[in-house]
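Me: Please take a close look at the largest pocket of this structure and describe what surrounds it.

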Amino acid sequence: MFKRGFFRILLLGLFVMGMGSFACAGQRAVPVYVANQNPFVQIFGLPKAEPGTITPKGRFDAGFLYFVSNNAIESDAPNGESIVWDGETTQYTLKIRYGLFESLELGVDVPLVEHGGGYLDSVIRNYHKMVGFPNNRQELFEKNQILYQVDENGTTIYSMKEKHSGLGDVRLTAAVPLVGKELRSERHLALRSLLKLPTGNSDYLLGSGGMDMSVGLAYSDYQTLNRWNMVFASHLGMIYMGEGEVLQGKQRNFAGYGGASLDWLVWDFLGLKLQLDMHSAFYHSELKQLGSSMQLLSGGTLYLPSRVSVDFGISEQLVTDATPDVGFYLLIRHLF
């Protein structure tokens, strides 16, 4: 019911775009607001990519993110660890940023998280058949089931076999500009910080059960590639994870993250995006699924009238199995 209602809102927005003026109206390209949705990683305070600009004083930047990801894999490590990761994870996140002062942005993310069998298994298998890809991994499991399980030397240390959903870990954010404080500047560097509160139930991977903090730099360059209508952005930082309640004894306390994106404004109403996101391992483990990750995001942005934009696209794993096989994201933003 909720998903159908959400897509009706999206279709209404696209209709309004078709009836209105196709103009960016001063909107500037920003990175894709998506992070690794590995169910054992998304419980931590891994920041999503944000721009080097901050929200102007007295303005709100509000967004609603829908991100669904799917995976089906079973893997063993030489040290006796094993993992089964079959299911879908979905996030519905309300994101709000407010320009409190000219040099201070405050924000909050309120996520609802759902782990279940989902509906993408058939879509993925049919797509693989259509393009000639094998379905060897997918056919190891029943369609649309959920099984998240980690074993160590024959002992199960985590298992979830039923659908669960609820409030995730709420995040509080703050940002201050370091370079390009004037809104009309073409290069911007901001210091961004995040505090993740343990509001989600760690038994069901809705949260980690601990408090996390991160600090990092976000850079946006609207000048260097301007002749090609392109914008470059990057981010880099560190996370401190408080002692959580998931896979206790394996969790690390520090991790690094970073990424870079390229946005090409094809027309006034459409930008295309490529983004690479990475992070180091959150666990002491020989399982690749619990190690460092590299994720590719590709998609675009539709710029609607009245400072409304719609981000859409797909996430894919690169190099390792630490990110989901595939994910689809949709973000509606409004600056007011």
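Reply: On a 1 Å grid over the protein atoms alone, a pocket is an open set of points where a 1.4 Å probe fits, with protein on both sides within 12 Å along at least five of seven lines. Grid points are joined across faces, edges and corners, and a volume is the space filled by probe spheres set on the points. The model is predicted, so that local features need pLDDT of at least 70 and side-chain atom pairs count only at pLDDT 80 or more, while totals for chains, interfaces and linings use all residues. Residues are numbered from 1 along each chain as its sequence is written, and side-chain values use heavy atoms, with hydrogens and water left out.

The largest pocket holds about 480 Å³ of space. Its lining, meaning residues with an atom within 4 Å of a point, consists of 26 residues, and V30, T53, D61, R333 and L335 are the closest to the centre. By class, this lining has 10 nonpolar residues, 6 polar and 10 charged; Ala, Val, Leu, Ile, Met, Phe, Trp, Tyr, Cys and Pro count as nonpolar, Asp, Glu, Lys and Arg as charged, and the others, Gly among them, as polar.

Two strands (DSSP runs of E, at least two residues, numbered from the N terminus), β2 (81-101) and β15 (326-335), each supply at least two residues of the lining. The largest share, 4 residues, comes from β15.

Strand β2 also contains V84. This residue is buried (under 20% relative accessible area, 1.4 Å probe, protein chains only), with a value of 12%. The C-alpha atoms of V84 and V150 are separated by 6.6 Å, although the two residues are 66 apart along the chain.

Terms used:
Buried < 20%, exposed > 50% of the residue type's maximum accessible area, 1.4 Å probe, protein only.
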